[in-house]
Amino acid sequence: MVGYICAKCESEIDINPVREKIICPECSGRVILKKRPVEKKTVEAR
Ligand SMILES: [Zn+2]
């Protein structure tokens with residue numbers, strides 16, 4: 001499941017973007033950012 005974060009109040013939004021409109025329930029903001037899974041990049045510095 002992909003999480004979303006409101007760009008306004010930065011609250012996490014847990015919705016289904018397919019069925020529901022992506023609107024922040026907290027501030028009704030429509031600017032929603034996709035929350036990227038924390039991905040640790042393995043950079044090997046040699
Ligand atoms: Zn919001």
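Ser28 is exposed, with a relative accessible area of 53%, in this predicted model. The cut-off for the exposed class is over 50%. Ser28 belongs to the loop between β2 and β3, and its phi is near 60 degrees, a positive value in a residue other than glycine.

A second residue with such a backbone angle is found in another loop. Glu10 has a phi near 60 degrees, again positive although the residue is not glycine. Glu10 is placed in the loop between β1 (4-6) and β2, and with a relative accessible area of 61% it is exposed.

The strands that these loops connect form the sheet. The 3 strands make up an open sheet in the order β2-β1-β3, with antiparallel pairing. Because β2 and β3 stand at the edges and each has a single partner strand, one side of each is left without a neighbour in the sheet. In general, the strands of a sheet pair through backbone hydrogen bonds, in either a parallel or an antiparallel manner. Here, β1 and β3 pair in the antiparallel sense over 3 bridges. Within this pairing, Ile5 has Leu33 of β3 as its bridge partner.

The description now turns to side-chain contacts. A search of the whole structure yields 1 salt bridge. In this salt bridge the side chains of Lys35 and Glu12 meet at 3.1 Å, N to O. Lys35 lies in the segment after β3 (32-34) and Glu12 in strand β2 (residues 12-13), so the salt bridge ties together parts that are 23 residues apart in sequence. The two partners fall into separate accessibility classes: Lys35 is partly exposed, with a relative accessible area of 34%, whereas Glu12 is exposed, at 60%.

The segment after β3 also holds Arg36. Arg36 is exposed, with a relative accessible area of 73%. Between Arg36 and Tyr4 the C-alpha to C-alpha distance is 8.4 Å, while their separation in sequence is 32 residues.

Taken together, the segment after β3 contributes Lys35 to the salt bridge with Glu12 of β2 and also contains Arg36. The strand order β2-β1-β3 places β2 and β3 at the edges of the sheet, and the salt bridge thus ties a residue of the edge strand β2 to the segment after β3.

Methods. Residues numbered from 1 in each chain as written. Predicted model: local features only at pLDDT ≥ 70, side-chain atom pairs only at ≥ 80, totals over all residues. Heavy atoms only, no water. Salt bridge = Lys/Arg side-chain N within 4 Å of Asp/Glu carboxyl O. Helix = DSSP H or I, 4+ residues; strand = E, 2+ residues; numbered from the N terminus. Buried < 20%, exposed > 50% of the residue type's maximum accessible area, 1.4 Å probe, protein only. Pairing = 2+ DSSP bridges.
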